[in-house]
Structure formats: C-alpha cells, structure tokens
Amino acid sequence: IIAPAWAVQTDVGVGLMVSPRSRFDELEVDDSGATPVVKRTGTQDARFTYGLSLGLTHPALRDLGPGLGVWPIQITLNPSDDVHAIGVGAAISWGILRISGGALWTRHGVLRGDVVSREYEKPRGYVGLAIGDWLE
C-alpha cells in the first residue's frame with residue numbers, strides 16, 4: 001500500500017519568542033472609597049516567553065534545498081498560567097531549527113470602565129527560534 005501525498009505538511013516544535021514591545025501595566029481597582037480608583041501596581045514583562053508551535057506548508061516549500069524550508073503559517077501557543085500568548089506568523093527552517101516572526105497576542109490586564117479584566121488586546125511583533133520537525 002502506498003501512502004497518499006498530503007497537500008499540506010505539518011511541523012511541531014518548541015521554542016523561545018522575543019517580543020520587545022510586550023510590556024504591560026498591571027492595574028488594580030481600589031473600590032474602598034465612594035468612587036473606584038485605578039492604580040498602576042507594576043509592570044507585566046512578557047518580552048521573553050516560550051511556546052509550542054505548529055507549522056503548515058506545501059510539500060514543495062518544505063524541501064527548497066539542503067535542509068531549507070519555508071512555513072507560511074506558524075502558530076505558537078504559550079499555555080502557562082502567568083503568561084498566555086498566541087503567535088501567528090511564518091517561519092524559515094534549516095534542518096530542525098525554525099526562525100519565525102509575526103504577531104503575538106499576550107493576555108494582560110485591560111481597564112474596561114472601572115473593572116480590570118485579563119484579555120488579549122492588540123498584537124505586538126515577535127521573532128522566535130524553535131526546534132521542530134515535520135510529521136509524516
């Protein structure tokens with residue numbers, strides 16, 4: 001039996017991401033008085049994080065040269081409790097190394113009226129370095 005050739009190749013990996021503009025104010029609402037007061041209590045520094053990645057490509061882009069490949073879709077997730085982040089971008093691979101770049105959404109405190117909620121707001125740019133391999 002001959003296995004079918006898939007139109008999309010997948011890659012999984014783990015890596016580090018750097019997002020220089022991913023620093024956010026930590027906010028707290030003090031509602032002990034008659035009027036709620038918003039206080040800045042510190043800074044959430046999410047510039048350096050890690051993630052699990054999934055890359056998608058066409059088989060012709062996977063093998064462009066000795067070990068060289070292009071992954072037009074690279075999705076990276078950081079599932080940790082303190083920093084949830086979702087990255088979407090593209091990657092270039094050489095062997096098992098992946099260099100990626102794109103947009104990163106990081107969950108952080110956002111003021112909505114007089115309530116601070118943790119949400120994914122506007123994306124920040126990122127670059128990443130991962131180790132991964134394609135699935136067959």
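These legends go with a handful of close-up views of a predicted model.

**View 1. Strand β6 and its two faces.** Let's start with β6, which spans residues 84–94. Ala 85, Gly 87, Gly 89, Ala 91 and Ser 93 make up its covered face. On the uncovered face sit His 84, Ile 86, Val 88, Ala 90, Ile 92 and Trp 94.

**View 2. β6 and its partner strands.** Here β6 is shown with β5 and β7. Strand β5 covers residues 68–79 and runs antiparallel to β6, with ten bridges joining the two. If you want a spot to zoom in on, try Thr 76, which stands opposite Gly 87 of β6. With β7 the story is again antiparallel, and ten bridges join β6 to β7. In this pairing, Val 88 stands opposite Ala 103 of β7.

**View 3. The turn of the β6–β7 hairpin.** This one is a quick look at the link between β6 and β7, where two residues lie between the strands. Check the backbone at Gly 95: its phi is positive, near 65°.

**View 4. A nonpolar patch on the surface.** About 900 Å² of nonpolar surface is put together here by Leu 64, Leu 68, Ile 92, Trp 94, Ile 96, Leu 97, Ile 99, Leu 129 and Ile 131. Which elements give two or more residues to the nonpolar patch? They are β6, β7 (97–112) and β9 (124–135). Ile 92, one of the patch residues, belongs to strand β6 and sits on the uncovered face of that strand.

**View 5. Asp 25 and Arg 40, a salt bridge between β2 and β3.** The structure holds five salt bridges, and this close-up picks out the one where the side chains of Asp 25 and Arg 40 meet, at 2.8 Å from N to O. The pair ties together distant parts of the chain, with Asp 25 in strand β2 (residues 23–30) and Arg 40 in strand β3 (residues 37–45), 15 residues apart. Asp 25 is at 39% relative accessibility, so it counts as partly exposed. Arg 40 comes in at 53%, so that residue counts as exposed.

**View 6. Asp 30 with Lys 39.** Another salt bridge joins Asp 30 and Lys 39, and the closest N and O atoms are 3.4 Å apart. Asp 30 is partly exposed, with a relative accessible area of 24%. Lys 39 is at 36% relative accessibility and also counts as partly exposed.

**View 7. Arg 62 with Asp 63.** In this salt bridge the closest N and O atoms of Arg 62 and Asp 63 are 3.5 Å apart. Is Arg 62 buried or exposed? Its relative accessible area is 12%, so Arg 62 is buried. Asp 63, at 45% relative accessibility, counts as partly exposed.

**View 8. A cavity inside the model.** Rolling a probe the size of a water molecule over the atoms shows where empty space is left. Here the count comes to one cavity of 30 Å³ or more, and the largest cavity holds about 90 Å³ of space. Its lining has 14 residues, and those nearest the centre are Gly 15, Ser 53, Thr 76, Ser 100 and Ala 130. At least two lining residues come from each of β1 (9–18), β4 (48–57), β5, β7 and β9. You've met Thr 76 already, as the residue opposite Gly 87 in β6.

Conventions:
Residues numbered from 1 in each chain as written. Predicted model: local features only at pLDDT ≥ 70, side-chain atom pairs only at ≥ 80, totals over all residues. Heavy atoms only, no water. Patch = residues over 30% accessible without salt bridge, like charges linked within 9 Å, V, L, I, M, F, W, Y side chains within 5 Å. Areas by Shrake-Rupley, 256 points an atom, 1.4 Å probe, with all protein chains shown as cover. Salt bridge = Lys/Arg side-chain N within 4 Å of Asp/Glu carboxyl O. Helix = DSSP H or I, 4+ residues; strand = E, 2+ residues; numbered from the N terminus. Buried < 20%, exposed > 50% of the residue type's maximum accessible area, 1.4 Å probe, protein only. Pairing = 2+ DSSP bridges. 1 Å grid on protein atoms, 1.4 Å probe; cavity = no way out; pocket = protein on both sides within 12 Å on 5 of 7 lines; lining within 4 Å. Points joined across faces, edges and corners; volume = space filled by probe spheres on them.
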